[in-house]
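Subject: Structure for you to look through

Dear colleague,

Please find the sequence and the structure below, and keep them open while you read the notes that follow.

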Amino acid sequence: MPQVPQRLDASAVRAWCGLALRALGSAREEIDAINVYPVADGDTGTNLYLTVESAAAAVEAVFAGHAALAGGREAFEGHEAVAGQEVSLGRAAEGPALADAVHAMAHGALIGARGNSGTILAQLLRGMAQVLAADSDATHTDGQGLRLALRRAADSARQAVVHPVEGTVLTVASAAADAASGAEGDCGAVARAAYEGARAALAATPGQLAVLERAGVVDAGGRGLVAVLGALVETFTGEAPAAAAVPVLAAHARVGAGSDTTGLHTRVDATVTEPLGEAGECADGTPAPDEGGPAFEVIYLLEAEDAAVTRLRDRLDALGDSLVVVGGDGLWNVHVHVDDAGAAVEAGVEAGRPYRIRITHFGLDDAHTTGAGSRPVRERVERAVVAVVPGEGLAGLYTEAGATTVLARPGEPPASGELVEAVRRAHAREVVLLPNDAELRHTAAAAAEQARTEGVRVALIPTRSAVQGIAALAVHEPGRRFDEDVVAMTSAAGATRYAEVEVAERQSWTMAGICQAGDILGLIEGDVAVIGSDVTATAEAVLNRMLAAGGEMVTLVLGDDAPDTIAAHLEARVRESYLAVDTVVYRGGRQGALLLIGVE
């Protein structure tokens, strides 16, 4: 059996994040499929995955920083040093403190939280961090510390939700904390008790929330939390919790055939026993599936004082539902479902400085927004292309070519719900999906799977750059057989090498050496190949490297901050040095990178 930590220290936090990410990656599609509350938009698993991915990345950054300090200590050996320096570097060699790791985990989850369940998970991790980081010099904690952390996590998450509802992830978190509080022993024993308590509570969620019972599923957010707690058990024991069948409903349930590796049956055939209340409302007060609800999900990070956030809660509570405000110490993550998205953002502006604003329309076909008075469904077109694009200029180009676009602003990648809404907006029987970003592969896969459950035939072409998407769109022929069209588009994208030129944000090790903040980076196929000080010179060096392997067509997509003369300079360079190679130039707008380059 591999060596596992016997106590909760920074290394255990790191291992937990990695195992939780793997567990959610495996369960993502299943969790997305059972997502019916508070909105049946099929993205809870993806949102939880992306939230933990952000937390894990933040923890890895802490370890990388300490490793760099330790390397500096080795280089420092043999030289005279002041005592303060030696203490600092010696501590770096020992690895991060527990407080550093849990603070990073909580902060990463906060800034990367997606959706309702992801936002609540971020607060659960923040609650744990408040306990585990109370002693900033502690290197580890024991079972008692973990028990207290789980209790604070559940309580703080419940406080963050303006109108808590039982039968949700909040119920599962509370059950986990209750079970942990009665456990004796080390961290492994406490983690296992919390997992078992959460698993039992998850199985009971359909009896607490009528919408789950009608759908014959357990709560999706709670299912994700069970996966995260299962990863905590594996962190301390080296083994994933053994599978064991768990009934989801009582006498009215007939457990379905499918179960997952945690032993949790997540879908059942159930007899509805809870009647609707007044005006089509469920007995728990939530809207029935055929009743209208808010049309938009609004999420943003907010820099604001505590008093302003208290007023913001009241303002947003009057505007919509599913309100969750998490965070503290001047930084908050705000999530709400509303009909007036502009008013929700304006409320944030009044409270402080909102940024990373994400607005998702649930769509006319969403169960949450479809009512008896919906307009007649228009006839579907045969085929459409849905593409993620990084700037307004490219969005216009793709739209002119007939694609339905989803705009990805710098630092704000779209959620799977936005991609699903775009597929619905395209209103086609067949859809080709172009993510145009390697980091969106899981998000796009989740959106494609959700669209397929709605009867749309979807082909996902794994384009990693907008220039590959341009190449694919150029050979798209709606009149061709679907499979033939997808093959042709995939071939065109695959034959297009891609690069980008951007400004380094901080000092970093790269494949081309060490870069400093402000350096100009030329990335080819995602790896740094050139480091320079001049944008045009760096772009020319990148282009020369790409054309050295041959090419027939060069595509240049200029960002707003690219030099005015760069396009003319590169076009002239291609004409002078590479015969029979054509160049086409587009303006991408605020696309993040200074320049995108494609060579076909």
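Strand β18 (residues 553-559) and strand β19 run in the parallel sense where they pair, and 7 bridges link them. To see one of these links for yourself, look at valine 557, whose bridge partner in β19 is tyrosine 586. Before going further, please bear in mind that this is a predicted model.

These two strands belong to an open sheet of 6 strands, which follow one another in the order β17-β16-β13-β20-β18-β19, and the pairing within this sheet is mixed. Its edges are formed by β17 (527-532) and β19 (582-589), each of which pairs on one side only. From one strand to the next, the twist averages 20°. Helix α13 (residues 392-400) lies across β18, β19 and β20 (595-599), and the helix runs at about 120° to β19.

A second open sheet has 4 strands in the order β10-β9-β11-β12, and here the pairing is parallel. The edge positions are taken by β10 (404-407) and β12 (457-460), each with a single partner strand, so one side of each has no neighbour in the sheet. In this sheet, too, the twist from one strand to the next averages 20°. Inside the order given above, strand β9 (residues 381-389) is joined to strand β11 (residues 428-434) by 6 bridges in the parallel sense, and one pair you can look up is alanine 387 with its bridge partner in β11, leucine 434. Helix α14 (residues 416-426) lies across β9, β10 and β11, and its direction makes an angle of about 160° with β10.

Next, please turn to strand β5. Why can strand β5 (residues 296-303) be described as largely enclosed by the rest of the structure? The reason is that 6 of its 8 residues are buried, so the strand is largely enclosed by what surrounds it. β5 pairs with strand β7 (residues 331-338) in the antiparallel sense over 8 bridges, and within that pairing tyrosine 300 has valine 334 of β7 as its bridge partner. β5 also runs antiparallel to strand β8 (residues 353-361), to which 7 bridges join it, and there isoleucine 299 has arginine 358 of β8 as its bridge partner.

Some side chains also deserve a look. The charged end of arginine 14 sits over the ring of phenylalanine 63, at 4.3 Å from the centre of that ring. Arginine 353 lies over the face of tyrosine 355, and here the distance to the ring centre is 4.4 Å. How many aromatic pairs does a search of the whole structure find? The search finds 0 of them.

Finally, here is the chain as a whole. The chain holds 19 helices and 20 strands, and buried residues make up 53% of its 600 residues. Among the contacts between residues at least 6 apart in sequence, 71% join residues that are at least 24 apart. The chain exposes about 25,700 Å², of which carbon and sulfur atoms supply 52%.

With best wishes

Conventions. Residues are numbered from 1 along each chain as its sequence is written. This is a predicted model: local features need pLDDT of at least 70, side-chain atom pairs count only at pLDDT 80 or more; totals for chains, interfaces and linings use all residues. Side-chain values use heavy atoms; hydrogens and water are left out. Buried means under 20% relative accessible area, exposed over 50%, partly exposed in between (1.4 Å probe, protein chains only). Two strands pair if DSSP finds at least two bridges between them. Axes are lines fitted to C-alpha atoms, for helices over the stretch in contact, and angles run from 0 to 180 degrees between N-to-C directions. Contact means heavy atoms within 4.5 Å. Rings of Phe, Tyr and Trp (its six-membered ring) pair if their centres lie within 6.5 Å; planes under 30 degrees apart count as stacked, over 60 as edge-to-face and the rest as tilted. A charge sits over a ring if NZ of Lys or CZ of Arg is within 6 Å of the ring centre and within 35 degrees of the ring normal. Accessible areas come from the Shrake-Rupley method with a 1.4 Å probe; for residues, only the protein chains shown count as cover.
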